[in-house]
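This briefing is meant to be read beside the sequence and the coordinates. It goes through ring pairs, two acidic residues, a strand pairing and salt bridges in turn.

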Amino acid sequence: MLYVKTQSSCAPAPVVVENLPAGRRVVRLADNVVGRTDNDGTVYEYDEVVFDLPEDREETAQSIENNFDAWWAFGQQPVEEITLEQRVSDMEELLLGMTEG
């Protein structure tokens, strides 16, 4: 699970469920969204948690949004340290999923 401060030029959806290859599902939650406008346009700053949806769960974006606080807490739980190789593999899967969909 990953908790980060994020910036984007687009307002984030509160819940995004991404379907990746091999049946893996990644959830992105955005909270505390603040828009800031300057000469370059609007930039949105927000807190984000990213985690794999447990394999035994069939949640939809709507069901996660309906129980947002509990899923936010779940997404902030620490996990065991992952290797650099696993992180690179996860990023490759994410990018592959984005280009296919």
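A residue counts as buried when its relative accessible area is under 20%, as exposed when that area is over 50%, and as partly exposed in between. E59 has a relative accessible area of 14%, and it is therefore buried. The model is a predicted one, and the values below are computed from it.

**E59 and its surroundings**

- E59 is placed in the loop between strand β4 and helix α1, the latter covering residues 61-66.
- The side chain of E59 is joined to the side chain of R57 by a polar contact of 2.8 Å.
- When its neighbours within four places in sequence are left aside, E59 is in contact with R25, L53, I64 and W71.

**Aromatic pairs**

- The count of aromatic pairs in the model comes to four.
- One of them is formed by F51 and W71, whose ring centres lie 5.9 Å apart with the planes at 0°, so this pair is stacked.
- Because F51 belongs to strand β4 (residues 41-52) and W71 to helix α2 (residues 68-75), the pair ties together parts of the chain that are 20 residues apart in sequence.
- F51 and W71 are both buried.
- Another stacked aromatic pair is that of F68 and W72, with 5.8 Å from centre to centre and 20° between the planes.
- F68 and W72 both lie in helix α2, where they are four residues apart, about one turn of the helix.
- F68 has a relative accessible area of 14% and is therefore buried, and W72, at 11% relative accessibility, counts as buried too.
- F51 and W71 also belong to a cluster, linked by ring pairs, that includes F74.

**E48 in strand β4**

- E48 is found in strand β4, and because its relative accessible area is 11%, this residue is buried.
- Which side chains does the side chain of E48 reach through polar contacts? One such contact, of 3.1 Å, is with the side chain of T6, and another, also given as 3.1 Å, is with the side chain of R28.
- Apart from neighbours within four places in sequence, the residues in contact with E48 are L2, Y3, V4, T6, R28, L29 and W72.
- W72 is thus a contact of E48 as well as a member of the stacked pair with F68.

**The pairing of β2 and β3**

- Strand β2 (residues 15-19) and strand β3 (residues 25-38) run antiparallel and are joined by five bridges.
- V16 stands opposite R28, which is in β3; R28 is also the residue whose side chain makes a polar contact with that of E48.
- The two strands form a hairpin with five residues between them, and A22, in the turn, has a positive phi of about 65°.

**Salt bridges**

- Side chains of opposite charge can pair when their charged atoms come close.
- In this model the count of salt bridges comes to nine.
- The side chains of D47 and K5 meet in a salt bridge of 2.8 Å, taken from N to O.
- This salt bridge links distant parts of the chain, as D47 lies in strand β4 and K5 in strand β1 (residues 2-8), 42 residues apart.
- How do the two partners compare, buried or exposed? D47, at 7% relative accessibility, counts as buried, whereas K5, at 66% relative accessibility, counts as exposed.
- R36 forms a salt bridge with D38, in which the closest N and O atoms are 3.7 Å apart, and another with E45, in which the closest N and O atoms are 3.0 Å apart.
- The residues of these two bridges are partly exposed: D38 has a relative accessible area of 36%, R36 is at 36% relative accessibility, and E45 has a relative accessible area of 29%.
- Salt bridges that share partners also join R24, D52, D90 and E93 into one network.

Key. Residues are numbered from 1 along each chain as its sequence is written. This is a predicted model: local features need pLDDT of at least 70, side-chain atom pairs count only at pLDDT 80 or more; totals for chains, interfaces and linings use all residues. Side-chain values use heavy atoms; hydrogens and water are left out. Rings of Phe, Tyr and Trp (its six-membered ring) pair if their centres lie within 6.5 Å; planes under 30 degrees apart count as stacked, over 60 as edge-to-face and the rest as tilted. Buried means under 20% relative accessible area, exposed over 50%, partly exposed in between (1.4 Å probe, protein chains only). A polar contact is a pair of N or O atoms within 3.5 Å; within protein, one must be able to donate a hydrogen and the other to accept it, and residues adjacent in sequence count only if both atoms are side-chain atoms. Contact means heavy atoms within 4.5 Å. Two strands pair if DSSP finds at least two bridges between them. A salt bridge is a side-chain nitrogen of Lys or Arg within 4 Å of a carboxyl oxygen of Asp or Glu.
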